[in-house]
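Biologist: Please take me closely through one part of this model, beginning with a single residue and working outwards to whatever surrounds it. I would like the terms spelled out with their cut-offs as you go.

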Amino acid sequence: MNNSRIRSLHDRQYKEIVTALAKARKAAGISQSAVSLVVGLAQPDISKIESLERRLDIVEFLTIATYIGSHSGESDLVDKLIGKAREL
């Protein structure tokens, strides 16, 4: 396995996606506690993800983005965040 291809918590794309996800959560008026219940994590885990202390895996990302999107009227939030990553 080529370790140079593994992205870190500090990767620019990762940081931008997590920041945009947190911003969308806040704009939708959704608490970290509500997100934690949907994804099956504790609220401190959501806080750690948003503060870039814990890595967000793809299943968690899809679950959280879909939940936020469905409650904010942005049904295409997943696509927007993936598009944002491609632009970086």
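**A residue and its surroundings**

Modeller: L21 is buried, at a relative accessible area of 6%, where buried stands for under 20% of that area, exposed for over 50% and partly exposed for what lies in between, computed with a 1.4 Å probe and protein chains only. Please keep in mind that this is a predicted model, in which local features need pLDDT of at least 70 and side-chain atom pairs count only at pLDDT 80 or more, while totals for chains, interfaces and linings use all residues. Residues are numbered from 1 along each chain as its sequence is written, and side-chain values rest on heavy atoms, with hydrogens and water left out.

L21 sits in helix α1, a helix here being a DSSP run of H or I with at least four residues, and a strand a run of E with at least two, both numbered from the N terminus. Leaving out residues up to four places away in sequence, L21 touches L56, F61, I64, A65, I68 and L81, where a contact means heavy atoms within 4.5 Å. One of these partners, I64, is 43 residues from L21 along the chain, and their C-alpha atoms are separated by 8.2 Å.

Several of those partners bring us to the packing of two helices. The axes of α1 (residues 12-27) and α4 (residues 58-72) come within 10 Å and cross at roughly 35 degrees; each axis is a line fitted to C-alpha atoms over the stretch in contact, and the angle, on a scale from 0 to 180 degrees, is taken between N-to-C directions. The crossing of α1 and α4 is left-handed, meaning that the near helix is turned anticlockwise from the far one by less than a right angle. On the α1 side the contact is made by I17, L21, A24 and R25, and on the α4 side by F61, I64, A65 and I68. Sorted by class, this contact of α1 with α4 has seven nonpolar residues, no polar ones and one charged residue, with Ala, Val, Leu, Ile, Met, Phe, Trp, Tyr, Cys and Pro counted as nonpolar, Asp, Glu, Lys and Arg as charged, and the others, Gly among them, as polar.

R25, also placed in helix α1, is buried, with a relative accessible area of 7%. Apart from neighbours within four places in sequence, R25 is in contact with I30, S31, Q32, V35, E50 and I68.

The partner L81 leads on to helix α5 (residues 77-87), whose buried residues are L77, V78, L81 and A85. Viewed down the axis of α5, these buried residues fall within an arc of 105 degrees, so they line one face of the helix; the arc is that of the directions from the helix axis to the C-beta atoms. Helices α1 and α4 are among the elements that cover the buried residues of α5, whereas the face turned away from that buried side carries the exposed residues D79, R86 and E87.

To set this part in the whole, the protein chain has five helices and zero strands. Of its 88 residues, 34% are buried. Among contacts with a separation of 6 or more, 56% join residues 24 or more positions apart.
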